[in-house]
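Colleague: Please take a close look at one part of this model and describe it, together with what surrounds it. Plain terms will do.

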Amino acid sequence: MGRARDFTGGVLREWVWTDPEGIDPKGRERAEDILLVVSELVANAMAHGAGVQEIAVTVDERVLTVAVTDGEAAVPAPLPPGDPARPGGYGLHVVELLSRQWGTTCHASGKTVWAVFDC
């Protein structure tokens with residue numbers, strides 16, 4: 001998971017999505033939100049998707065998209081609310097809260113779970 005965060009953080013810095021000097025706290029907060037979503041998507045792929053096959057970060061003039069591909073065809077769904085003391089099971093709720101939109105694209109060899117952030 002650390003390598004996925006390092007990769008994504010490097011992309012965000014290179015594309016100036018973060019403020020390397022720490023002057024803009026809002027930019028730093030946005031980058032941390034994106035990195036947390038990447039962590040959740042990778043954790044889900046590792047736990048439920050037979051491992052990560054690919055991580056992609058794309059940007060256009062309107063949105064940045066992070067996507068994690070794994071080899072499992074099962075589509076993820078947030079768990080229903082339950083016991084707050086129960087460990088785990090909140091990852092997709094975090095993804096939903098921090099991203100503008102998220103979803104799953106199924107393909108012959110598995111699926112890609114993606115999340116979109118406004119530019």
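Modeller: S3 and S4 form a hairpin, with two residues between them. The model is predicted. Strand S3 covers residues 101-107 and strand S4 residues 110-118; the two run antiparallel and are joined by seven bridges. At the turn end, His 107 has Gly 110 in S4 as its bridge partner.

Ser 109 sits in the loop between S3 and S4. With a relative accessible area of 46%, Ser 109 is partly exposed, because that class lies between the 20% limit for buried and the 50% limit for exposed. Leaving out residues up to four places away in sequence, Ser 109 touches Gln 53, Asp 70 and Gly 71. Ser 109 and Ala 73 are 36 residues apart along the chain, while their C-alpha atoms are separated by 7.3 Å.

Gln 53 is also touched by Thr 69, a residue placed in strand S2, which spans residues 63-70. Thr 69 has 8% relative accessibility and therefore counts as buried, the cut-off being under 20%. Its contacts, again without residues up to four places away in sequence, include His 107, Lys 111 and Thr 112 from the hairpin strands. The others in the list are Gly 51, Val 52, Gln 53 and Glu 54.

Before S3 comes the loop that links H3 to S3, and Arg 100 is found there. The side chains of Arg 100 and Asp 118 are joined by a polar contact of 2.9 Å. Asp 118 belongs to the range of S4. Apart from neighbours within four places in sequence, Arg 100 is in contact with Val 63, Val 116 and Asp 118. As for Ala 85, its C-alpha atom is separated by 27 Å from that of Arg 100, at 15 residues along the chain.

S4 also takes part in the largest pocket: S4, S2, helix H2 (25-48) and helix H3 (91-98) each supply at least two residues of the lining. H2 gives the most, with six residues. About 380 Å³ of space lies in this pocket. The lining has 23 residues, and those nearest the centre of the pocket are Asn 44, His 48, Pro 76, Ala 77 and Leu 92. By class, the lining divides into 13 nonpolar, six polar and four charged residues.

Definitions and conventions:
Residues numbered from 1 in each chain as written. Predicted model: local features only at pLDDT ≥ 70, side-chain atom pairs only at ≥ 80, totals over all residues. Heavy atoms only, no water. Buried < 20%, exposed > 50% of the residue type's maximum accessible area, 1.4 Å probe, protein only. Contact = heavy atoms within 4.5 Å. Pairing = 2+ DSSP bridges. 1 Å grid on protein atoms, 1.4 Å probe; cavity = no way out; pocket = protein on both sides within 12 Å on 5 of 7 lines; lining within 4 Å. Points joined across faces, edges and corners; volume = space filled by probe spheres on them. Nonpolar A, V, L, I, M, F, W, Y, C, P; charged D, E, K, R; others polar. Polar contact = N/O pair within 3.5 Å; in protein donor to acceptor, adjacent residues only side chain to side chain.
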